[in-house]
Amino acid sequence: MKISIIGATGYSGLELIRLLESHSKVEIFSLHSYSNYSENVAYLYPHLKGICELPLEPIDVSRICQHSQVVFFAAPSGIAKDQVAPFLEAGLTVIDLSGDLRLKNPDDYPTWYHFPAAEKGLLDQAIYGLSEWADVKKQKLISNPGCYATATLLALAPLIIEDLIELDSIVVDAKSGLSGAGKSMQTTSMYTEVNDNLTIYKMNQHQHIPEIIQQLKKWQSGVENIQFSTSLIPITRGISTTIYAKLKSRLTTEELNAFYTSHYNDKPFVRIQAPNKLPTIKQVVGSNFCDIGMTVNPTTNQVIIVSTIDNLVKGAAGQAVQNLNQSFGFAPNDGLKFSPIFP
């Protein structure tokens, strides 16, 4: 099966190349960039020399449709919504890594993304591809979740599905490495701003908030809001999400751990830690794993859940490959057989 990647020179696009080059069922047919044409991708990114040396091409819809069966959109938000339709009409499968198709309510886009929504028909057709909880088999339009949303939703799912917590007590404190901001030049991304620092940003305004609430409502309609904050920390990649919530009844850490283990026992990319053992970012970097640990404070009857992911893999390209595998019935770990990089 041949695939094309649009937005191949962004961090998520480059991760897609890395992962798909090891996939047994696919071949990368073409790479497309909005700023660099004709250059061999390995010339611009020497780490790909001898791995992938395709040229970077402008987008030619007819040529892509003639040769590829799948198109990954790894472009920034605001692009895919205006460009996916011709590929769908030609019968291709589209997997979008941006936020363009995640929200079902068109009115949410001006508020959270600051641009108009895609056509309602596209929003209705798009499947929200939270891989462990979505059925994307044979689906033609898959919307990859955001990185913060992935870490948060995987951590909250058993609590919400089992109705174990007070729904108005959820507090999420998420911290991300710098690659989550993408490659665009910003003062806040400069070494002098980030090094030896921790910066809270987009308080109560982060664009992943509505998609988190949208999914939580599917599990429990009574969810109205969550308190959600994001911070930038001086590491290259990785997300650590700490979640606090009030339990409805008394549970021990061991009992809660058993709930999580039962929910994720058949989901190989979610690793539940031993009771009271909380995961670190370092143990997932470079991999498609989401590691989840938990503890219960018996004094306050609060649960504390910690989930860690690599924002560029499980939070972006890796989950996109998971969705590809599910859609076409490939082995779940094809293209994803990478252990974390340690130390």
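**Helix packing and sheet arrangement**

The axes of helix 7 (residues 147-161) and helix 10 (residues 253-264) come within 10 Å and cross at roughly 110 degrees in this predicted model. Because angles of 65 to 115 degrees count as roughly perpendicular, helix 7 and helix 10 are assigned to that class. On the side of helix 7, the contact is formed by Leu153, Leu154, Ala155, Leu156, Ala157, Pro158, Leu159 and Ile161; helix 10 contributes Leu256, Tyr260, His263 and Tyr264. By residue class, the contact of helix 7 with helix 10 comprises 11 nonpolar residues, one polar residue and no charged residues.

Leu153 of helix 7, a participant in the contact with helix 10, is also touched by glutamine 215. Glutamine 215 lies in helix 9 (residues 209-219). With residues up to four places away in sequence left aside, glutamine 215 touches Tyr128 and Leu130 in addition to Leu153. The relative accessibility of glutamine 215 is 7%, and the residue therefore counts as buried, the limit being under 20%.

Seven strands form an open sheet with mixed pairing, in the order 9-10-8-11-14-13-12. The edges are occupied by strand 9 (199-201) and strand 12 (270-272); each has a single partner strand, so one side of each is left without a neighbour in the sheet. From one strand to the next, the twist averages 20 degrees. At the edge formed by strand 12, three bridges connect this strand to strand 13 (residues 290-297), and the two run parallel. Valine 270 has cysteine 290 as its bridge partner in strand 13.

Terms used: Residues numbered from 1 in each chain as written. Predicted model: local features only at pLDDT ≥ 70, side-chain atom pairs only at ≥ 80, totals over all residues. Heavy atoms only, no water. Pairing = 2+ DSSP bridges. Helix = DSSP H or I, 4+ residues; strand = E, 2+ residues; numbered from the N terminus. Axes fitted to C-alpha atoms, helices over the stretch in contact; angles between N-to-C directions. Parallel < 35°, antiparallel > 145°, perpendicular 65-115°, else oblique. Contact = heavy atoms within 4.5 Å. Nonpolar A, V, L, I, M, F, W, Y, C, P; charged D, E, K, R; others polar. Buried < 20%, exposed > 50% of the residue type's maximum accessible area, 1.4 Å probe, protein only.
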